[in-house]
Amino acid sequence: MTDGAKRRRTGSLQREKSGVWTMRVMLGGKVYSRTTGTMDRDKANLLLAAFVGAVECEHARPIDPGALLKEWPRYESSPEAARLSPKLRMNRYRAWRSFSAWMHTAHPDVQSARAVARHMVESYMAFFGERRSAMTFNLCLCHLRGIFRVLLGAAAGEANPLDFIAPRFPDSHPRRELSADEVRRIVSSADCEGGEWPRLIAIAVYTGLRLGDCCRLRWESVDLEQGIIRLVPQKTRRYARGRIVTIPIHAQLMQSLAATPVQSRSGYVLPAIAETYETSRWRISKALERIFNGAGIVTSVMYEGRSRLTPCATFHSFRHSFVSFAANAGVPLVVVQAIVGHTSAAMTRHYYHANESALRRAVNAIPSFGKNAAPVAADAVRSDAVGVSDTRRLPSVARRLAHATRLLKAGHISEAEYSLLRGRILEQV
């Protein structure tokens, strides 16, 4: 077999849920994918043959990296590049290599970063973002802006040509949260699926962990005597320097975990699912799709301007639901943030979805005014920081002071907030 025959690929067609066929070609270790925009199999096959030929021609054509690529070592040796992770540094190199190759074709006379003009980068970003999402466009813009900032030098006072290009408005659609009724139906559907799936769903519902952390949860991280799960999430391990999260075990989850004999509590909590997740992750996705479909959950929708269905309810929706359930029940967001392991309160707020009952409680908490207003009892006013659940009767002063002290020791409030809260409690004595 010749070298050209080894590289040649016939490509394949994959039918999406919307019925539209998608073309896929793998060549040189890279997967090329593009939608056909048609539901007709014969038309899709004709488009696939043309797409394969275009990919092979593009792959066979040698690409001149251009003169700008020679400036990459100067950026790579800078202090800014040293602070980046190897993966991020590689992504920046690829972005710079693509830009250098385009510049060599469009403006071959440009030999250095200082000679790149504003209209050149505007033309490149328009070319780059023609068939790419807003997120990909913004990432490329960020990479090139950082590289130019180093190559031009801040001390020289030269304007960065990328500073004049505005990022695109994100067109992503985040996963939605699941209602309590939907969670009940999913739990029932998981029971019908059998095996380790009911326990996987229980871990997701009562911990808010991501899919990988749920599938690979180990017994060493589970302390049934103290009733807590303590682990370093995979994403936190990569981006937040391995901060440990501590999750109290819900009574329902405790019942599921305690069903495992003591002598079997070693290794993975879900050994079969963990092995499947490591070897053939797509089987996990297929099983979860069956569970969601069995519960009657719509997992993807068609948005205007898109050629394929977009996921809206997935396994990650359990994490949204966990944050929303806890926050709507009155748990302070700072506490929820500590449990789910978010690095900022803004991210936790992104996951929070206020339900109707929480909004109704907030409105009903406002006292009535006017001549026809009902009188408001003095003991009906309560402090959310103290966490009183009964609005008709305040607990004893001693209990409220003790609760405030616990909040201070746990780090949920500052000294100033504690003093202010203590003063308000004592004022009502």
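Here are a few notes on the nonpolar cores and some helices of this predicted model.

1. Start with the largest nonpolar core, which has 48 residues. Ile 186, Leu 200, Val 222 and Phe 318 are the members that touch the most others. Helix H9, covering residues 197-207, supplies the largest share of this core, with 7 residues.

2. Ile 186 is a handy place to look around. Leaving out residues up to four places away in sequence, Ile 186 touches Leu 178, Ile 201, Ile 291, Phe 292, Ala 295, Ile 297 and Phe 318. There's also a second, separate core of 29 residues, with Ala 81, Val 116, Ile 147 and Ile 165 among them.

3. Back to H9: is this helix mostly covered or mostly uncovered? It's mostly covered, with 9 of its 11 residues buried. Those include Leu 200 and Ile 201, but also Arg 199 and Thr 207. Just past the end of H9, Gly 208 has a positive phi of about 75°.

4. Next, have a look at H15 (residues 317-328) and H16 (residues 333-340), whose axes lie 9 Å apart and make an angle of about 150°. An angle over 145 degrees counts as roughly antiparallel, so that is how H15 runs relative to H16. Their crossing is right-handed.

5. Which residues meet between these two helices? From H15 come Arg 319, Phe 322, Val 323, Ala 326 and Ala 327, and from H16 Leu 333, Val 336, Ile 339 and Val 340. Sorted by type, the contact has 8 nonpolar residues, 1 charged and no polar ones.

Conventions
Residues are numbered from 1 along each chain as its sequence is written. This is a predicted model: local features need pLDDT of at least 70, side-chain atom pairs count only at pLDDT 80 or more; totals for chains, interfaces and linings use all residues. Side-chain values use heavy atoms; hydrogens and water are left out. A nonpolar core is a set of buried Ala, Val, Leu, Ile, Met, Phe, Trp, Tyr and Cys residues joined through side-chain atoms within 4.5 Å. Buried means under 20% relative accessible area, exposed over 50%, partly exposed in between (1.4 Å probe, protein chains only). Helices (H or I, at least four residues) and strands (E, at least two) are DSSP runs, numbered from the N terminus. Contact means heavy atoms within 4.5 Å. Axes are lines fitted to C-alpha atoms, for helices over the stretch in contact, and angles run from 0 to 180 degrees between N-to-C directions. Angles under 35 degrees count as roughly parallel, over 145 as roughly antiparallel, 65 to 115 as roughly perpendicular and the rest as oblique. A crossing is left-handed if the near helix is turned anticlockwise from the far one by less than a right angle, and right-handed if clockwise. Ala, Val, Leu, Ile, Met, Phe, Trp, Tyr, Cys and Pro count as nonpolar, Asp, Glu, Lys and Arg as charged, and the others, Gly among them, as polar.
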